[in-house]
Amino acid sequence: MDVLDIIQEKYVTLSRTQKQIADYFLNNSDTACFMPLKEVAAAAKTTEVTVLCFCSKLGFNGYMDFKKQLQNNIKMRMSPNDKIASSLSKLSDEDKPYEEIINREKNALDKTYRYLDYNAVEQVINQIKISKHIYIISHGGTDIVAKFLNYRLQQVGFSSSLIDAASTGNIISATANLTSDELFFIITFPRYSKNIITFADYLSSIGGRIVCLTDSINSAVARVSLATLTCNSESSVFYNSLTSAISMVEFLLLAIAIECSNEFLGHRQRVEKAKVLLEESRKKVGADNSTDYSSIKLK
């Protein structure tokens with residue numbers, strides 16, 4: 001149940017002043033969710049203390065908790081075009097919009113690493129290390145993060161491949177002969193793809209091993225995952241910023257490279273050796289198939 005539903009459900013139990021606050025949020029949720037406590041109190045024609053009591057009455061740990069949950073709910077309810085239009089309008093009112101964008105990206109990274117669960121990081125690393133193959137599942141905008149993860153995994157020496165959650169054929173092929181040494185790494189952010197949620201539930205039902213990268217431990221995919229990495233995806237304009245997700249992938253693979261340094265260095269040596277052998281083969285094939293065209297006369 002989201003914040004607006006909670007307000008409507010508990011409306012009859014509120015005092016007259018609290019109903020006044022509730023009415024303001026119900027009628028102005030898309031703008032009120034970004035307002036500081038002082039401005040909300042003034043707009044609802046009440047006091048800051050009364051607004052705090054209102055938030056507590058609804059079951060939230062203060063105004064900031066209420067405000068954050070309301071922002072998330074509004075974000076999910078708004079269409080992508082509405083979200084972009086609303087965000088652009090707010091940024092255009094800023095005196096220094098570029099600085100605001102930079103600060104929000106920096107804050108997203110700061111929140112991601114400030115609340116990083118190191119136990120979850122270790123769990124994900126362990127799941128990757130014991131896997132013979134890693135399927136990376138994504139859809140839409142998260143494909144960028146998936147491709148980067150796939151690139152880094154293969155650089156370190158792991159066998160991995162990409163699956164679009166909308167591709168039923170690829171999903172069936174990957175799970176038809178499922179083994180315990182295969183891992184499914186799911187990447188998903190709001191608005192969560194129904195294809196990904198369906199795939200995650202299907203994997204869970206057949207005993208698939210899942211780890212995920214998402215925005216919250218309460219997301220639908222996190223509840224069926226063995227380990228969950230979370231990162232802040234708040235964007236100034238779009239539904240999600242992928243800055244923190246890309247950074248998290250880089251952090252994760254650097255940690256794996258350090259922990260598996262001998263295997264990593266051995267893989268790099270084999271790669272370099274393969275490059276030399278391939279280049280020698282190319283030169284040999286080129287020499288064997290060379291043709292002297294100087295003696296050919298055109299008719």
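**Close-up 1. Helix α12 and its buried residues.** In this predicted model, the residues of α12 that are buried are S244, A245, M248, V249, L252, L253, A255, I256 and A257. The helix takes in residues 243-259, 17 in number. From its first C-alpha to its last, α12 reaches 25 Å, close to the 24 Å you'd expect at 1.5 Å a residue.

**Close-up 2. E259 of α12 and its contacts.** Staying with helix α12, here we pick out E259. With a relative accessibility of 36%, E259 counts as partly exposed. Set aside the neighbours within four places in sequence, and E259 is in contact with E122, I125, N126 and K129. I125 sits 134 residues away along the chain, yet the C-alpha atoms of E259 and I125 are separated by 9.1 Å.

**Close-up 3. The five-stranded sheet.** Strands pair through backbone hydrogen bonds, and they can do so in a parallel or an antiparallel way. Here the sheet is an open one with parallel pairing, and its five strands come in the order β2-β1-β3-β4-β5. β2 (160-164) and β5 (227-230) are the edge strands, each pairing on one side only. Going from one strand to the next, the twist averages 20°.

**Close-up 4. The β4-β5 pair, with helix α8 packed on the sheet.** Four bridges join β4 (residues 209-214) to β5, in the parallel sense. Take C212 as a landmark: its bridge partner in β5 is T228. Helix α8 (residues 118-129) packs on the sheet, where it touches β1 (133-138), β3 (182-187), β4 and β5. The directions of α8 and β5 make an angle of about 125°.

**Close-up 5. Helix α11 lying across the sheet.** Residues 194-205 form α11, which lies across β1, β3 and β4 and runs at about 155° to β3. How far apart are the end C-alpha atoms of α11? They're 17 Å apart, which agrees with the 16 Å that its 12 residues should span at 1.5 Å a residue. Just after the helix comes G207, with a positive phi of about 85°.

**Close-up 6. The two faces of α11.** I196, F199, A200 and L203 are the buried residues to look for in α11. Seen down the helix axis, the buried residues fall within an arc of 100°, so they line one face of α11. Their cover includes β1, α10 (168-175), β3 and β4. Turn to the face away from this buried side and you'll find the exposed residues K194, T198 and S205.

**Close-up 7. S29 in helix α2.** S29 has its place in α2, the helix of residues 16-32. Is S29 buried or exposed? Its relative accessible area is 11%, so with the cut-off for buried at under 20%, S29 is buried. Not counting residues up to four places away in sequence, S29 touches L4, Y24, L70 and I74.

**Close-up 8. Cysteines C33 and C53.** The count of disulfides comes to zero. For C53, the closest cysteine sulfur is the one in C55, and at 9.2 Å it is too far for a bond. C53 counts as partly exposed, at 41% relative accessibility, while C33 counts as buried, at 1%.

Technical notes: Residues are numbered from 1 along each chain as its sequence is written. This is a predicted model: local features need pLDDT of at least 70, side-chain atom pairs count only at pLDDT 80 or more; totals for chains, interfaces and linings use all residues. Side-chain values use heavy atoms; hydrogens and water are left out. Two strands pair if DSSP finds at least two bridges between them. Helices (H or I, at least four residues) and strands (E, at least two) are DSSP runs, numbered from the N terminus. Axes are lines fitted to C-alpha atoms, for helices over the stretch in contact, and angles run from 0 to 180 degrees between N-to-C directions. Contact means heavy atoms within 4.5 Å. The expected span of a helix is 1.5 Å times one less than its number of residues. Buried means under 20% relative accessible area, exposed over 50%, partly exposed in between (1.4 Å probe, protein chains only). The arc is that of the directions from the helix axis to the C-beta atoms. A disulfide is a pair of cysteine sulfur atoms within 2.5 Å.
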